[in-house]
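Dear colleague,

I am handing over the structure that you will find just below. My notes on it follow, with the cut-offs given where each term first comes up.

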Amino acid sequence: MSFWWEPMLRSDVILSPDDLAGAGLTNRYEEQLDAEEWLTNNFSELVDLGVTSVTLFEDETKVYGPMSLSEA
C-alpha cells in the first residue's frame, strides 16, 4: 500500500518526468499522514512550479481531490 499525489498543472506549464521527480511529485508514502505532511511542507514550491491542484491516491484508488492549491 502506498499513497501518492497526482498534480494538475496550469495550462501553460509543462513539466518533464524529471521535473516532477525533482519536485517530489513521484514520491510514494506508506502512510496518508506522511503524504499530507509532505504536501504541507512543499505547498509553496508546488504553486511556484505551476501546480494548481492535487489528488491523493492510495495505490490506484482516489482518496480525495482534486484539492486546489490556490489561495481562496
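Which residue forms a salt bridge with Arg10, and how many Å apart are the closest N and O atoms? The partner is Asp12, and the closest N and O atoms are 3.0 Å apart, where a salt bridge is a side-chain nitrogen of Lys or Arg within 4 Å of a carboxyl oxygen of Asp or Glu. A search of the whole structure finds one salt bridge. Arg10 is partly exposed at 37% relative accessible area, while Asp12 is exposed at 58%; buried means under 20%, exposed over 50% and partly exposed in between, with a 1.4 Å probe and protein chains only.

Please keep in mind that this is a predicted model, in which local features need pLDDT of at least 70 and side-chain atom pairs count only at pLDDT 80 or more, whereas totals for chains, interfaces and linings use all residues. Residues are numbered from 1 along each chain as its sequence is written, and side-chain values use heavy atoms, with hydrogens and water left out.

Turning to the fold, three strands form an open antiparallel sheet in the order 1-2-3; helices (H or I, at least four residues) and strands (E, at least two) are DSSP runs numbered from the N terminus, and two strands pair if DSSP finds at least two bridges between them. Strand 1 (3-9) and strand 3 (61-68) each have a single partner strand, so one side of each is left without a neighbour in the sheet. Strand 2 (residues 51-58) is joined to strand 3 by five bridges, and in strand 3 the bridge partner of Glu58 is Thr61.

The largest nonpolar core (buried Ala, Val, Leu, Ile, Met, Phe, Trp, Tyr and Cys residues joined through side-chain atoms within 4.5 Å) has 13 residues, of which Trp5, Leu25, Trp38, Leu39 and Leu46 touch the most other members. Helix 2 gives the most to this core, with four residues.

A search of the whole structure also finds three aromatic pairs, meaning rings of Phe, Tyr and Trp (its six-membered ring) whose centres lie within 6.5 Å, with planes under 30 degrees apart counted as stacked, over 60 as edge-to-face and the rest as tilted. One of them is the edge-to-face pair of Trp5 and Tyr64, at 6.1 Å centre to centre and 70 degrees between the planes. Trp5 lies in strand 1 and Tyr64 in strand 3, so this pair ties together parts that are 59 residues apart in sequence. Trp5 is buried at 2% relative accessibility, whereas Tyr64 is partly exposed at 27%.

With best regards
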